[in-house]
Amino acid sequence: MQALRGTQDILPEDAYKWNYMESAIRRLCSCYGYGEIRTPMFEATELFQRGIGDTTDVVTKEMYTFTDRGGRSITLRPENTASAVRAYLEHKLYGDQQVHKLFYIGSMFRYDRPQAGRYREFHQFGVEVLGADSPAADAEVISLAYTLFQKLGLKDLVLHVNSIGCGKCRPVYRQKLIEYFREREETLCDTCKDRLEKNPLRVLDCKEEGCRAAAAGAPKITDYLCEECQAKFDALKRYLTALGISYELDPQLVRGLDYYTNTAFEIQYTPLGAQSAICGGGRYDGLVEEIGGPHTPSVGFAVGLERLLLALEMQHLIPEPAKPRHVYIAALGEAAVAEGVKIQQALRGEGVRADMDLQGRSLKGQMKQAGRSGADYTVIIGDNELASGSAVVKSMAEGSQENISFEAIPKYIAERETGVQ
């Protein structure tokens with residue numbers, strides 16, 4: 001049996017890299033005042049159809065959907081924003097009229113073509129700010145993502161920003177797009193031909209070569225923004241400048257999900273090449289309403305952690321984990337093992353890694369295992385040590401050894417771990 005295509009096992013020698021990223025994320029989110037939310041891995045399919053949009057590639061091509069034993073259509077979450085909004089509504093967080101700042105880390109699922117940094121089960125970190133209308137909130141979430149990447153040591157970051165308007169100004173732009181692409185319809189892929197009338201903005205997001213070529217000369221949404229949307233976009237740009245975050249205007253950036261309004265942004269890490277985007281997000285002022293709640297202006301982003309890990313590994317930016325002092329207890333005989341177990345537990349209580357033989361090895365075999373394990377000290381207990389109430393404590397680096405009473409061993413080792421003499 002093997003892991004399914006597009007999934008992976010994260011083994012102990014790599015798990016520390018994930019812990020390193022996640023620890024950095026949690027520290028930074030705490031500084032920004034974001035609380036963690038954990039939602040179920042599967043939801044009613046309708047949530048994603050309504051929330052993400054039934055013309056998106058995610059809904060039409062990529063979701064893992066099945067019928068459960070109760071006859072309900074269930075989908076493994078392909079993203080987490082819709083789930084966070086569902087939780088926001090179900091638990092009536094909107095009732096206190098406060099801004100709610102949430103973050104999540106977890107598995108998402110999309111039936112996509114696996115490639116470097118992209119899996120069918122993948123992991124995302126994301127934030128959602130629910131109830132905030134000010135462009136300052138947009139600037140804050142961009143700042144959080146940008147600061148995270150900088151703290152992790154990434155350089156060559158490029159922030160792309162755009163405004164995709166609102167319900168007032170987007171219909172005018174939408175009609176202009178339809179007219180533009182209708183004249184070039186023969187160059188579009190079949191998918192874009194089907195969705196041209198439903199959602200022409202999706203054509204701008206298509207990766208097919210013919211669609212990309214057709215989109216190159218398409219009208220720009222920024223030429224059709226209403227006065228309010230333009231004012232919000234100008235404010236965002238001012239805040240980014242005040243934060244010292246450089247950006248590039250990208251009028252073709254629309255993001256891949258239907259719920260976005262106004263701000264859309266993407267952070268790219270250029271050394272990754274064609275798949276350089278490591279973060280994407282924007283504002284989704286109509287999503288809460290679409291799912292059945294009150295009007296709630298909101299903004300957020302998501303970071304693909306596999307892609308982020310790939311970037312960090314390319315630049316050798318993940319430090320080796322700190323190793324605690326390591327002790328191996330070699331014990332011969334049942335009485336010695338019983339005493340060793342007590343010492344082992346006391347050492348672990350002092351924060352020291354303590355191992356013992358679990359395979360019935362001879363004392364000689366245990367000593368060999370102690371050397372192979374990289375232990376700093378070996379504690380040796382046999383009949384003579386039981387009789388005297390003290391064990392031989394051997395420094396593996398120096399080769400020196402001392403007789404230390406059983407009760408004193410944890411303190412003896414711990415003091416050397418911390419440098420106390």
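Q: Which term fits glutamate 313, with its relative accessible area of 33%: buried, exposed or partly exposed?
A: In this predicted model, glutamate 313 has a relative accessible area of 33%. Buried would need a value under 20% and exposed a value over 50%. Because 33% lies in between, glutamate 313 counts as partly exposed.

Q: How many residues apart in sequence are the parts that glutamate 313 and lysine 17 tie together?
A: The side chains of glutamate 313 and lysine 17 meet in a salt bridge, with 3.0 Å from N to O. Glutamate 313 belongs to helix α12 (residues 305-314) and lysine 17 to helix α1 (residues 12-32), so the pair ties together parts of the chain whose separation in sequence is 296 residues.

Q: Is lysine 17 buried or exposed?
A: The relative accessible area of lysine 17 is 15%. The limit for buried is under 20%. Lysine 17 is therefore buried.

Q: Which residues do salt bridges that share partners join into one network?
A: The count of salt bridges comes to 24. Glutamate 36 and arginine 38 form one of them, with their closest N and O atoms 3.3 Å apart. Glutamate 36 is partly exposed at 32% relative accessible area, while arginine 38 is exposed at 68%. Arginine 184 and glutamate 183 form another, at 3.5 Å between the closest N and O atoms, and salt bridges with shared partners make one network of Glu22, Arg26, Glu36 and Arg38.

Q: How many residues of strand β7 are buried?
A: Strand β7 spans residues 157-163 and is mostly covered. On one side Leu157, Leu159, Val161 and Ser163 are buried, and on the other Val158, His160 and Asn162 are buried too. In a regular strand, side chains alternate between the two faces of the sheet. With both faces of β7 covered, the number of buried residues is seven of seven.

Q: In which sense, parallel or antiparallel, do β7 and β9 run?
A: Seven bridges join β7 to strand β9, which spans residues 261-269. Within this pairing, leucine 157 stands opposite tyrosine 269. The sense in which β7 and β9 run is antiparallel.

Q: Which residue in β8 is the bridge partner of valine 161?
A: Strand β8 (residues 248-249) is joined to β7 by two bridges, and the two strands run parallel. Valine 161 lies on one of the covered sides of β7 and is buried. Its bridge partner in β8 is leucine 249.

Q: Which strands stand at the edges of the open sheet β2-β4-β3, each with a single partner strand?
A: Three strands form this open sheet, in the order β2-β4-β3 and with antiparallel pairing. Two of the strands have a single partner, so one side of each is left without a neighbour in the sheet. These edge strands are β2 (42-44) and β3 (65-67).

Q: At about what angle to β2 does helix α2 run?
A: β2 pairs with strand β4 (residues 73-76) over three bridges, and glutamate 43 has threonine 75 in β4 as its bridge partner. Helix α2 (residues 45-52) lies across β2, β3 and β4. The angle at which α2 runs to β2 is about 80°.

Q: What is the relative accessible area of asparagine 262?
A: Most residues other than glycine have a negative phi. Asparagine 262, in strand β9, has a positive phi near 55°. Lysine 92, in the loop between α4 (81-90) and β5 (100-109), also has a positive phi, of about 55°. Lysine 92 is exposed at 56% relative accessible area, whereas asparagine 262 is buried, with a value of 5%.

Q: Which term fits the ring pair of tyrosine 173 and tyrosine 224?
A: The count of aromatic pairs comes to seven. The rings of tyrosine 173 and tyrosine 224 have centres 5.7 Å apart. Planes under 30 degrees apart would count as stacked and over 60 as edge-to-face. The planes here are at 45°, so the pair is tilted.

Q: How many residues apart are tyrosine 173 and tyrosine 224?
A: Tyrosine 173 is buried at 1% relative accessible area, and tyrosine 224 is partly exposed at 26%. Tyrosine 173 lies in helix α6 (residues 170-182) and tyrosine 224 in the loop between α9 (209-215) and α10 (227-242). The pair links distant parts of the chain, and the separation is 51 residues.

Technical notes
Residues numbered from 1 in each chain as written. Predicted model: local features only at pLDDT ≥ 70, side-chain atom pairs only at ≥ 80, totals over all residues. Heavy atoms only, no water. Buried < 20%, exposed > 50% of the residue type's maximum accessible area, 1.4 Å probe, protein only. Helix = DSSP H or I, 4+ residues; strand = E, 2+ residues; numbered from the N terminus. Pairing = 2+ DSSP bridges. Contact = heavy atoms within 4.5 Å. Axes fitted to C-alpha atoms, helices over the stretch in contact; angles between N-to-C directions. Phe/Tyr/Trp six-rings, centres within 6.5 Å; stacked < 30°, edge-to-face > 60°. Salt bridge = Lys/Arg side-chain N within 4 Å of Asp/Glu carboxyl O.
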